[in-house]
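Reader: Before we discuss this protein and its ligand, could you show me the structure and then take me through the terms one by one?
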Amino acid sequence: MSLTIEKNKDLSGLNSLRLSAQAECFCEVKSVADWQEALAWANSADLPVTILGGGSNVVLAPRIEGLVLHPANAELGLEREDAESVFVRVGAGHDWDPFVRACVDHAWFGLENLVSIPGSCGAAPVQNIGAYGVDLADWVHAVSCIDLNTGEVFERSAADCEFGYRTSRFKTKEAGRLGILAVTFKLSKKPKVNLSYAALHEALDAAGVAPTPINVLKQVEAIRAHKLPNPIVTPNAGSFFKNPVLSTSELSALQNLLPHIPVYPVAEGRVKISAAYLIEQAGLKGFTEAGFAMSERHSLVLINLSASSGQACLHFASRVAERVHALFGVLLEREPIALGTLAS
Ligand code: EPU
């Protein structure tokens with residue numbers, strides 16, 4: 001075995017909620033050969049395999065049995081181009097935010113609204129990260145995957161990833177079965193700004209600047225810095241709940257209680273509503289218990305003030321969700337992924 005396997009690895013610095021957690025075995029993997037060697041080793045020892053990327057969208061169990069793999073391939077390259085587009089491939093271990101900035105620097109456009117999102121490029125397709133009117137799925141061309149059982153490497157086209165709102169088949173029917181090696185994006189050579197998100201449009205107008213990709217990037221950066229607690233200062237995992245999707249009849253019932261709830265159309269007869277608004281109207285903005293709180297800055301962000309356990313985190317989140325359900329009859333679904341064994 002040429003790879004270094006660390007035993008009883010402390011993961012508390014490798015998750016943005018800063019929960020205390022330990023991996024029975026831990027290993028960084030860069031090349032395909034590294035992945036295959038690590039997987040063969042784990043499979044021969046009958047150890048379960050867990051992938052931990054940037055750790056910015058996970059709730060970790062206190063101990064993760066088996067082998068935790070941490071993708072470390074940060075290669076970034078132009079694969080090919082045509083008259084209108086570039087095909088850019090980025091390794092799973094590349095940090096997301098510098099990747100977005102590098103794309104804008106190279107005049108490869110499309111991802112600017114997704115600046116400042118913490119995490120790694122390999123984790124980004126799993127939950128189809130999205131912000132300020134753009135989803136990753138809008139720009140993905142293909143995802144390079146490895147089968148965790150067989151070590152087989154294959155490409156999955158964007159259409160086959162079954163992307164949805166904060167979801168994909170990597171998070172649903174194939175959860176725990178695949179590793180992501182790299183992602184290929186098809187980006188535009190011409191600026192393609194997306195100003196569909198009202199707050200972004202308003203911020204550009206207020207700043208009196210032209211809607212160029214770099215200005216969009218700067219405004220999104222400023223909005224996020226203003227609204228969302230910085231995980232480096234205040235441990236958190238971004239939005240802790242998804243915005244619930246309701247039928248229009250469910251919405252009408254809810255509007256009797258909350259006439260001003262923000263509503264976003266998603267499909268015929270379906271609407272997305274603001275979970276942050278529900279939490280705030282339930283009186284839970286700033287709610288603090290057992291070392292956790294719902295942020296005073298943004299009610300959808302669960303912050304870790306002093307707690308250490310992933311189980312306590314899920315317990316706190318359940319208390320919030322139960323209160324919202326009791327008051328408004330809406331179920332809040334957790335957004336971060338639980339890794340290791342945790343009761344939810
Ligand atoms: N709001 C409140 N109280 C708050 C904050 C917000 O009532 O404390 C209400 C306001 O009415 C506001 C509305 O919620 O207009 C929406 O807030 P925001 O624009 O911040 O968006 P969000 O729906 O809460 C989603 C994503 C974010 C993403 C933003 C911007 C989800 C689960 N979250 O949040 O993504 O940055 O839109 O596009 O879809 C993440 O996934 O970790 C994340 C931060």
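Author: A polar contact is a pair of N or O atoms within 3.5 Å; within protein, one must be able to donate a hydrogen and the other to accept it, and residues adjacent in sequence count only if both atoms are side-chain atoms. This is a predicted model, in which local features need pLDDT of at least 70, side-chain atom pairs count only at pLDDT 80 or more, and totals for chains, interfaces and linings use all residues. Residues are numbered from 1 along each chain as its sequence is written, and side-chain values use heavy atoms, with hydrogens and water left out.

Reader: What makes the approach of histidine 298 to an oxygen atom of the ligand a polar contact?
Author: A polar side-chain atom of histidine 298 lies 2.7 Å from that oxygen, and the limit is 3.5 Å, so the pair qualifies. The side chain of glutamate 280 places an N or O atom 2.7 Å from a nitrogen atom of the ligand, while serine 299 uses a backbone N or O atom, 2.9 Å from a ligand oxygen. The protein covers 82% of the 820 Å² of accessible area (Shrake-Rupley method, 1.4 Å probe) that the ligand has on its own.

Reader: Which residues surrounding the ligand are the closest?
Author: A residue is near the ligand if one of its heavy atoms lies within 4 Å of it; 24 residues surround the ligand, and the closest are Tyr132, Tyr197, Glu280, Lys285 and His298. Helix 6 gives the most to this shell, with three residues, where a helix is a DSSP run (H or I) of at least four residues.

Reader: How do you know that domain 1 and domain 4 are in contact?
Author: Contact means heavy atoms within 4.5 Å, and 15 residues of domain 1 are in contact with 17 residues of domain 4. The domain bounds, 6-71 and 236-339 for these two, come from an automatic or database domain assignment.

Methods: Helix = DSSP H or I, 4+ residues; strand = E, 2+ residues; numbered from the N terminus.
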